[in-house]
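Here's a quick briefing on a sheet and a couple of pockets. Have a look at the fold first, then read on.

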Amino acid sequence: MSESPTVIDNGVNVEALLGARQALTEMPEAGQFKWRATCSWVNGTHSRSSVESFFGLGEEQKHRAEYTFDADHPACFASEDKGATPVEIVLVALASCLTAGVAAVAQNREIQLRSVKAILEAGMDIQGILGVDPDVRNGFDGIKVKYEIDADASAEDIEAIVAQSQKRSAVFDIVTNPTNVTVEVN
């Protein structure tokens, strides 16, 4: 009785990703993307952002739907708590990008995932943003990412998957390296 090969399925189309990598090797200009978000003030510290279209692969692209994100501050900041804080949304973006990478790398390495959970924590002294102490940084003093991963792999293989995800994560790069930001008022 022969054993049928185990099919690894983490829901990532690695063949398409590898095909895209090959295509971009031949046409690097197609790799130039412009991501967009629009944010409108609602009331108080509450705002609503949306993403719908972007430029990539040499032409305008559109998501299947417009995605919206509410941001606000918690009641302890004298706000109405109608959404996650903007800094929490940064943590969500980092966790989502790293976790997508974990799934893609595991699929490419033919490692079946059973569960992946990322727990992120970031410290912040709000004396900076409130203007109490001008020497206190406005942003995070650090971010800790802890993974709980159950997979058909050794601990070393799982650590290698996470390291590769971190190496290729756009959001990890954005958070850990300076990015030029230009603010204009029309």
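Two strands count as paired if DSSP finds at least two bridges between them. With that in hand, take E1 and strand E2 (residues 46-56): 5 bridges join them, and they run antiparallel. Keep in mind that this is a predicted model.

**The sheet**
- Three strands make up an open sheet, in the order E1-E2-E3, with antiparallel pairing.
- Strand E1 (38-43) and strand E3 (59-71) sit at the edges with a single partner strand each, so one side of each has no neighbour in the sheet.
- On average, neighbouring strands here are turned by 15° against each other, ignoring direction.
- Across the E1-E2 pairing, Trp41 stands opposite Ser47 in E2.

**The largest pocket**
- This one holds about 1,200 Å³ of space.
- It has 28 lining residues, and the closest to the centre are Val90, Ala93, Val171, Ile174 and Val175.
- E3, helix H2 (86-108), strand E5 (142-151) and helix H4 (170-176) each chip in at least two lining residues, and H2 gives the most, with 7 residues.
- Sorted by class, the lining comes out as 17 nonpolar, 9 polar and 2 charged residues.

**The second largest pocket**
- Its volume is about 670 Å³.
- Of its 20 lining residues, Leu17, Arg21, Ala104, Val105 and Arg168 are the closest to the centre.
- Helix H1 (14-26), H2 and helix H3 (155-168) each supply at least two residues of this lining.
- The class split here is 11 nonpolar, 6 polar and 3 charged.

Conventions: Residues numbered from 1 in each chain as written. Predicted model: local features only at pLDDT ≥ 70, side-chain atom pairs only at ≥ 80, totals over all residues. Heavy atoms only, no water. Helix = DSSP H or I, 4+ residues; strand = E, 2+ residues; numbered from the N terminus. Axes fitted to C-alpha atoms, helices over the stretch in contact; angles between N-to-C directions. 1 Å grid on protein atoms, 1.4 Å probe; cavity = no way out; pocket = protein on both sides within 12 Å on 5 of 7 lines; lining within 4 Å. Points joined across faces, edges and corners; volume = space filled by probe spheres on them. Nonpolar A, V, L, I, M, F, W, Y, C, P; charged D, E, K, R; others polar.
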